[in-house]
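Dear colleague,

I am handing over the structure we spoke about, and below it you will find my notes on one helix and two sheets. Please read them with the model open beside you.

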Amino acid sequence: MDVKKYVVKQISVFSENRPGRLAAIAHALGEEKVNILAFSIAEASGFGVVRALVDHPEKAHKKLTSLGFNVAFTEVIAVHMKDIPGGLYEVAKILGDAKINIEYSYAYSGKDGAVLILRVDHVEEAIEKISKSGATLIESSVFH
Amino acid sequence: MKCWDPRIEEMPKAELQQMQYKLLKSLVYQLYSFSPFYHDRMKEQNVHPDDIHTLSDVKKLPFMFKRDLRDNYPDKIFTATQDDLVRYHVSSGTTGKPTVVGYTQNDLDNWTTSLARALTSLGLGRGDVIQVSYGYGLFTGGLGLHYGSERIGATVIPTSVGNTERQIELMQDLGTTAIACTPSYLLHLGEVAEKMGVDIKKDTKLRCGILGAEPWTERMRIRMEEWLGIKAYDIYGTSELSGPMFTECTEQTGFHVWSDIALVEIIDPKTGEQLAPGESGELTITILQKEALPMIRYRIGDITQINDEVCACGRTHPRVDRIQGRVDDMLIIRGINVFPSQVEYALMAIPEVGQHFQIVVDRKGALDDMLVRVELNKESFSDKITDLMHISGKVEHKLRNALNVNVNVELVEPGSLPRYEGKSKKVVDRRSL
């Protein structure tokens, strides 16, 4: 299988933990007509990392960098979930049984069902394991 | 040209000291006779001009402090009347009342001569284009460097501070070979040039930085020299001495203090005892030739040391090391002395963070709490919080080792810490004592 097509490009932005930083990021993306499909904020003392799945990651990276933000691309994978009670369990169990360690994860629920976004240690190995174990991976072309 | 005035600059030490003794003796007689301020001070100290028999008798004379200038605002200590003055400079009153310095024509000439010797010792002269990016106005930096540069026959671009993009354009268009500014402004200018796509190394003729008005470190020198392809030289002075007066020579081993203009001592700030060459203490200067505002044993408040060996450049005048800190900038954190320059030095060795920083001191309960805010470098950004925590932990560890005091570190966005275009203010002390 071509594992590459399941590698999704997420943008990660370093942000100080103070009011207005998320607004500054969101405003910049809005100006560039970049749509945010999902995002999460991870926080530590004094700073955080904003992670977002967007439709035009290159455009977002360029814009945010030009504003002085510290931006990086991170490879993540997206797994389809049923949007019903027990949906997350079904997927999480598959990942656990396949011994895939999750570094971090976030999810969204859209009109085509729910999606679990995962950051794992070894992306390509994880893609192979997940597809063998019966869960449905979503191709990156769906997002961008 | 090697020396501006070889007769003085290479004069044997014994002759120099004889010259200093004569100048000191006549200065003391004159002030005792004509300056009520110095007359009273000498009386209080129980010293008479007749007690000065050798140069080392300078130890008998009273000290003078910044507060003496503030207490006598604006011109009560002046020994020239207003009609003999040709200029005033006024220092920023960040810690109290401002101080006013008056100049006679001879005072200005001595100041300019001092800088002409200094700039020549950097290899500058006719044919050089010197961009003066110190503030022009009440601050002494701009006008001082301006007249010093003109005196040696260089071409001056009086850009003053700010409007950095235009400064970079002029630097390219007019072929600037040397820039005089604060080290933090040069760093700022370098960053702006990079953003504009200008490579200072290839796209300009800049080869010399004359940097001062705030403390900086040897590591900063190495970094700026490599990054910008220049030689970076320390310049020293304060408005009370006239302004910026002394620089290093091309040997870069401390700034030469011209002995016919000034007598330097290093004093233990606690006991007032004179310290030997090589020992660190408070820089104390007697200006031997000054008409409007004489200075005897002026305690500048800068911590450094003297090297009295003859320099490899051939100049016999003593050298003073780069300033290590300020007596009054010294922070006391949980009883331990901390200088902002130590923080700067430690940060320079950590590639993951930038060179700008801010120290925030607060009191949590009964304990002092020191926070250092530092910019995360672009290359070091990781999406993983654990990696970032590792970096801040590493910085905390290095700072603790350097300062012997526990420090919290906060990583901030690149470019977010204030870049001051004048004197850097890197410490916020929120302790209410």
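Two strands pair if DSSP finds at least two bridges between them. The model is a predicted one, and in it β9(B) and strand β15 (residues 319–320) of chain B run antiparallel and are joined by 2 bridges, with Val320(B) in β15(B) serving as the bridge partner of Phe255(B). These strands belong to an open sheet of 3 strands, ordered β9-β15-β14 in chain B with antiparallel pairing, whose edge strands, β9 (255–256) and β14 (306–307) of chain B, each pair on one side only.

Chain B also holds an open sheet of 6 strands with mixed pairing, in the order β4-β3-β5-β6-β7-β8. At its edges stand β4 (155–157) and β8 (243–247) of chain B, each with a single partner strand, so one side of each is left without a neighbour in the sheet. Neighbouring strands of this sheet are turned against each other by 25° on average, direction ignored. Within it, β5 (residues 178–181) and β6 (residues 208–211) of chain B run parallel and are joined by 4 bridges, and the bridge partner of Ala180(B) in β6(B) is Ile210(B).

As for the helix, α2 (residues 13–34) of chain B has 22 residues and reaches 31 Å from its first C-alpha to its last, close to the expected 32 Å. Its buried residues are Leu16(B), Leu23(B), Leu24(B), Leu27(B), Val28(B) and Leu31(B); they lie on the same side of α2(B) because they cover an arc of only 135° around the axis. On the other side of α2(B), Ala14(B), Glu15(B), Lys22(B) and Ser33(B) are exposed. The cover over the buried residues of α2(B) includes α3 (36–44), β10 (262–267), β12 (281–287) and β13 (295–304) of chain B.

Best regards

Key:
Residues numbered from 1 in each chain as written. Chains lettered and ligands numbered in written order. Predicted model: local features only at pLDDT ≥ 70, side-chain atom pairs only at ≥ 80, totals over all residues. Expected span 1.5 Å × (residues − 1). Buried ≥ 20, exposed ≤ 12 C-beta atoms within 10 Å, placed from the backbone. Arc of directions from axis to C-beta. Contact = placed C-beta atoms within 7 Å. Axes fitted to C-alpha atoms, helices over the stretch in contact; angles between N-to-C directions.
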